[in-house]
Structure formats: structure tokens, C-alpha cells
Amino acid sequence: MLKYLELKSGQNDQGPAWIARVKLSKSGRTVYFNGKALKRADGQGISANYFDLETGEEYWVSGVKKNGQDRHWAGAGIVWIESGVVAEYLKIIGADKIDECRLKVIADLPETEVEKFRNLENTRLT
């Protein structure tokens, strides 16, 4: 599944951002991305809708926009896009090539060890 992800903690809408393939938990409440598990914030975030289970950092996660304008209107900065999703992204936005003023193609990010986070969440507190 293709998503737009942006680090929000301490970034003022200018944090690092990615267009990348993610995995979702069965419930859809956890997004696995770049070695991280991002849990749905359920309204608890300040300017984000997910938080990193390990660090608590806040992220904005959404589907990619068909108009290609994924960054917050007040935000700025390059958005990194995984090389393996470029063709799919271009199809979604109806374009022939990447806008190099907004996007930088990067190597595909590492997959997340889902089992590690399942164990973390399911460990009983003593």
C-alpha cells in the first residue's frame, strides 16, 4: 500500500517526508514503515495522526493525493520517494515523470520486522 508519511515532532510542517510502500496491521491501526511501527494516535497527537511505538515521535500518514500536493500547505522541503513505487505513484497522479523540484527518488527503504512490534505490544506489563 502506497502512503505519504511525514515526521511532525519538532518540525513545523517541514520535517522529512516520504512516499513509500507500507504494510498495515490486520486492524489497520498500525503502519509498518522503514523499520518502524506507527500506531494510530486516535486524536491524541498534536499535529499528527500516528506515533512511533518506540520513540513516541509523531507522524502524519495519509494516502497520496491525486494532485501530487501531499505536503501540508504551510510546509516545505523535498519529499523522498522510493524507487520501487515511482511508476505506481505516477499512475495515481496522472503524470509522465517525477517533479524533481518536489520529489527525490531514493533506494527502497528497509521492511519492518512486524513480529518484533507484535511482541512488544503484546508483552504483559508486570
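**Pocket, sheet and cores in the predicted model**

The largest pocket is lined by 15 residues, and those lying nearest its centre are Arg21, Val22, Glu82, Leu109 and Glu111. The structure described here is a predicted model, and within it this pocket holds about 230 Å³ of space. Strands E2 and E4 each contribute at least two residues to the lining of the largest pocket. One of the pocket residues nearest the centre, Leu109, also belongs to a nonpolar core of 12 residues, to which Trp18, Ala20 and Tyr50 belong as well.

Strand E4 spans residues 30–33, and Thr30 is placed within this strand. With a relative accessibility of 2%, Thr30 falls under the 20% limit and therefore counts as buried. When residues up to four places away in sequence are not counted, Thr30 touches Lys23, Leu24, Ser25, Ala37, Leu38, Lys39 and Glu121.

The strands of the model are organised in an open sheet of nine members, in the order E3-E4-E5-E6-E7-E1-E2-E8-E9, and the pairing in this sheet is mixed. Strand E3 (23–24) and strand E9 are the edge strands, each of them pairing on one side only. In general, strands of a sheet pair through backbone hydrogen bonds, in either a parallel or an antiparallel sense. Strand E7 (residues 58–62) pairs with strand E6 (residues 50–52) in the antiparallel sense over two bridges, and E7 is also joined to E1 by four bridges, with E1 and E7 running antiparallel. Tyr59 of E7 takes part in both of these pairings, as the bridge partner of Tyr50 and as the bridge partner of Leu7. Strand E7 is mostly covered, given that four of its five residues are buried. The connection between E6 and E7 is a hairpin with five residues between the two strands, and Gly56 in the turn has a positive phi of about 80°.

Positive phi values also occur in the loop between E1 and E2, where both Asn12 and Asp13 are found. Phi of Asn12 is near 50°, a positive value in a residue other than glycine, and phi of Asp13, likewise a residue other than glycine, is near 65°. Asn12 has a relative accessible area of 67%, over the 50% limit, and is therefore exposed.

Helix H1 has a buried side, to which Val86, Tyr89, Leu90 and Ile93 belong as buried residues. These residues cover an arc of only 100° around the axis, so that they lie on the same side of H1. The face turned away from this buried side carries Ala87 and Lys91, which are exposed. The buried residues of H1 pack against four strands, namely strand E1 (2–7), strand E2 (17–21), strand E8 (79–82) and E9. Just after H1, Gly94 adopts a positive phi of about 70°.

In soluble globular proteins, nonpolar side chains tend to be buried together. The largest nonpolar core of the model consists of 14 residues, among which Ile19, Ile81, Tyr89, Ile98 and Leu103 touch the most other members. At least two residues of this core come from each of E1, E2, E8 and H1, and H1 gives the most, with four residues. The core of 12 residues that includes Trp18, Ala20, Tyr50 and Leu109 is a second, separate one.

The surroundings of two members of the largest core, Tyr89 and Ile98, can be described in further detail. Apart from neighbours within four places in sequence, Tyr89 is in contact with Leu2, Ile19, Val64, Gly68, Asp70, Ile81, Ile98, Arg102 and Leu103. Ile98 is located in the loop between helix H1 (86–93) and strand E9 (103–106). With a relative accessibility of 16%, Ile98 is under the 20% limit and so counts as buried. Leaving aside neighbours within four places in sequence, the contacts of Ile98 are Ile81, Val86, Tyr89, Leu90, Leu103 and Val105. Val86, Tyr89 and Leu90 in this set of contacts are among the buried residues of H1. Ile81 lies 17 residues away from Ile98 along the chain, and the C-alpha atoms of the two residues are separated by 9.6 Å.

Note on methods
Residues numbered from 1 in each chain as written. Heavy atoms only, no water. Buried < 20%, exposed > 50% of the residue type's maximum accessible area, 1.4 Å probe, protein only. Contact = heavy atoms within 4.5 Å. Arc of directions from axis to C-beta. Core = buried A, V, L, I, M, F, W, Y, C linked by side-chain atoms within 4.5 Å. Pairing = 2+ DSSP bridges. 1 Å grid on protein atoms, 1.4 Å probe; cavity = no way out; pocket = protein on both sides within 12 Å on 5 of 7 lines; lining within 4 Å. Points joined across faces, edges and corners; volume = space filled by probe spheres on them.
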